[in-house]
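Dear colleague,

Please find the structure below, followed by a short account of what was found in it.

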Amino acid sequence: MIRINCPWCGERNMVEFTYGGDANNVYPGLSEETSEKQYFEYTYLRDNPCGPHLEYWHHVNGCRQWIKVKRDTLTHEVIATVPADKPVGEKE
Amino acid sequence: MADPAVKRRSALFEIYRTGEFGDLVKGKAGVSICERHALSIIQVAAWKDQTDAVIATIEVAAGIKPSAEPCSAISSEDISAIWLGPARWLIVEKETRDLHAVIGADVTADMAAITDQSHSRCVLRLSGPQSRNVLRKGTTLDMDPGHFAPGDARTTSLFHMNALIHCLDEETFDIYVARSFGQSFYEVIIHAAAEYGYQVADRI
């Protein structure tokens, strides 16, 4: 069972959370330069990494905040958690 | 607050029966259950950068100072301010006045969103030496007294229902669920408590 460290509530079981998608996916915007291809990729294409992955989770049965979770998809280790509007590490 | 001429009806009005039930050990109930009704329950959600102002204003308006500390609850004899999330609290007291208007008079619309939840919650109080064990059956929270102590309040999934659990003292908890879950919640609690023997007391 995955335990996620909510930045507000502390470590909680994953049953309190819902998965909110890939946090690396960047909205391409609505400008005229945005191509159909960019929208297609934004809407449908995802990497399927083996190892550390950045994802959104919603603490829906808790404080109702969106958080960003760095999780290893191979081991399920939760490496880092931050509020959704904050960067996880220096790299971001 | 509803028209005072209209009597409020609890979500449990059809199934709430007082008395002693279950496997009473030497005639004694391990858990005491009572519904808290009728309550005034007001949710206050501060807008961005208004948290400190809202905390100070609620203290003046309602006589209780909410804490910004996550998973905490501040209680006086009559009123509680329970942390729900960042800059969001539930202010709870027995229904004696229009608490929504009392808070709304000072906490203005540009400071916070104030929502009356009085009619949309079902609240049970569990007490007694087995109350923690009843809750342990339905939640993944650490219910050890050292980790869930008086003055703590946590929102979690309890028997697959979203619930707010407020620890009042070592053996006493107030549990808030959505009103529409009230009957299911009451039934699952009495089933969980049956092995310890339970008493259902008059509403407080």
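The mean pLDDT of chain B, where pLDDT is the predictor's confidence in each residue from 0 to 100, is 94, and 98% of the residues of chain B reach 70 or more. This is a predicted model, in which local features need pLDDT of at least 70, side-chain atom pairs count only at pLDDT 80 or more, and totals for chains, interfaces and linings use all residues. Residues are numbered from 1 along each chain as its sequence is written, while chains are lettered from A and ligands numbered from 1 in the order in which they are written.

Chain B contains four helices and 12 strands; helices (H or I, at least four residues) and strands (E, at least two) are DSSP runs, numbered from the N terminus. Of the 204 residues of chain B, 40% count as buried, that is, 20 or more other C-beta atoms, placed from the backbone, lie within 10 Å of the residue's own.

One strand of chain B, E9 (residues 153-158), may serve as an example: it is mostly covered, with six of its six residues buried. B:Ala153, B:Thr155 and B:Ser157 point one way from E9(B), whereas B:Arg154, B:Thr156 and B:Leu158 point the other way.

Which strand pairs with E9(B) in the antiparallel sense? The partner is E10(B) (residues 161-169), joined over six bridges; two strands pair if DSSP finds at least two bridges between them. Within this pairing, B:Thr155 has B:Leu164 as its bridge partner. E9(B) and E10(B) form a hairpin with two residues between them, and B:Phe159 in the turn has a positive phi of about 50°.

Yours faithfully

Methods: A residue is buried if 20 or more other C-beta atoms lie within 10 Å of its own, exposed if 12 or fewer, and partly exposed in between; C-beta atoms are placed from the backbone.
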